[in-house]
Amino acid sequence: DWIVLLDQDSRMSKEDIEKMEQFILKEDMDGMLGIAAPAVEDNWRVPKQQKVKRKDVVITSGMFLKLSAFEEVGLFNQELFLYYVDYDYCLRMREKKYRILQNMGVIMEHNCFDDQDTKGGYKVNKYTAIRHYYSIRNWLYMKHRFPEEKAFLEREKENCKGRIEEMIYFDSGRCKKILALLFGTLDYYRKKFGKCEWKFLY
């Protein structure tokens, strides 16, 4: 048995869900496929012959999750609350030797940004202060929880660096967001997880 998770800002047609069901039947012959996922609109540009992609992590939305694997791995980590909850779960799934595969033949529409703007021809993803808080706090958690996942950590370090650079160079509300990064870092080292308690960041 499988369950599928979808965010409110994602769309999959009935036909796409049926394609994913056929994909799972084909790829789970050994019973060790833990998560199957469609491509999302931001990362579908791959060679046409590449129909299956082995992944270390995928986002929650569009995730087809094997129920028996879910029972073995356990619940999502609610202490992270917002950012990296899905990636944490995927890496825990990999610790149990389950595979994560992406079906590049199915593309899900998904909007993962709070706001977007264009500055000098450069597309900028504008994150809220509270997202910056969770991003830095939970990235530090991931860095120390999964030190063996070197490729993932290096990629996410660059993503985190990119978000900070975009905010500093292009965002007019950068002061509050810099504070969010500082307080997120502080709370990680204080081991303060769950929902952010700093009201001024909302």
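This report walks through a predicted model of one protein, looking in turn at its confidence, its strands, its aromatic rings and some individual residues.

## Confidence in the model

The structure is a prediction rather than an experimental result, and the protein averages a pLDDT of 90, with 89% of the residues scoring at least 70. One stretch stands apart in the record of confidence, for over residues 43-47 the pLDDT is below 50. This stretch nevertheless has eight contacts in the model beyond near neighbours in sequence. Where pLDDT is low, the predicted coordinates should not be read in detail.

## Strand β3 and its partners

Strand β3 covers residues 33-40, and eight of its eight residues are buried, so the strand is largely enclosed by the rest of the structure. Which strands pair with β3, and in what sense? Strand β6, residues 99-110, runs parallel to β3 and is joined to it by seven bridges, while strand β5, residues 63-66, pairs with β3 in the antiparallel sense over two bridges.

Individual residues show how these pairings are made. On the β6 side, A36 stands opposite L101, and on the β5 side, the bridge partner of I35 is L65. A36 can also be related to helix α1, which spans residues 14-27 and contains E21. The C-alpha atoms of E21 and A36 are 9.4 Å apart in space, although the two residues are 15 residues apart in sequence. E21 has a relative accessible area of 43%, so it is classed as partly exposed.

## Aromatic pairs

The structure holds 13 aromatic pairs. In one of them, the ring centres of F76 and Y89 are 4.2 Å apart and the ring planes meet at 20°, and because planes under 30 degrees apart count as stacked, this pair is described as stacked. F76 lies in the loop between α2 (67-73) and α3 (85-95), whereas Y89 belongs to helix α3, so the pair ties together parts that are 13 residues apart in sequence. Are these two residues buried or partly exposed? F76 is partly exposed, with a relative accessible area of 21%, while Y89, at 0% relative accessibility, counts as buried.

W198 and F200 offer another arrangement, since their pair is edge-to-face, with 6.5 Å from centre to centre and 70° between the planes. Both members of this pair are partly exposed, W198 with a relative accessible area of 25% and F200 with one of 38%. Aromatic residues also gather in a cluster, one of which is formed by Y83, Y84, Y87 and F152.

## Charges over rings

Rings in this model also meet charged side chains. The charged end of R163 sits over the ring of Y127, at 5.9 Å from the ring centre, and the charged end of K191 sits over the ring of Y188, at 4.1 Å from the centre of that ring.

K191 deserves a second look for its backbone, because it has a positive phi of about 60° although it is not a glycine. K191 is found in the segment after α6 (174-190), and at 51% relative accessibility this residue counts as exposed.

## Around S135 and Y84

S135 is found in helix α4, which runs over residues 129-145, and at 4% relative accessibility S135 counts as buried. Which residues does S135 touch, once its neighbours within four places in sequence are left aside? The contacts of S135 are with Y83, Y84, C160 and R163. Two of these contacts, Y83 and Y84, belong to the aromatic cluster described above, and R163 is the residue whose charged end sits over the ring of Y127.

Y84 lies in the loop between α2 and α3 and is buried, with a relative accessible area of 3%. The phi of Y84 is near 75°, which is a positive value in a residue other than glycine.

## Cysteines

How many disulfides does the structure hold? The number is zero. Among the cysteines, C90 counts as buried at 0% relative accessibility, and C160, which is in contact with S135, is likewise buried, with a relative accessible area of 6%.

Methods. Residues numbered from 1 in each chain as written. Predicted model: local features only at pLDDT ≥ 70, side-chain atom pairs only at ≥ 80, totals over all residues. Heavy atoms only, no water. pLDDT = per-residue confidence, 0-100. Contact = heavy atoms within 4.5 Å. Helix = DSSP H or I, 4+ residues; strand = E, 2+ residues; numbered from the N terminus. Buried < 20%, exposed > 50% of the residue type's maximum accessible area, 1.4 Å probe, protein only. Phe/Tyr/Trp six-rings, centres within 6.5 Å; stacked < 30°, edge-to-face > 60°. Lys NZ or Arg CZ within 6 Å of the ring centre and 35° of its normal. Disulfide = S-S within 2.5 Å. Pairing = 2+ DSSP bridges.
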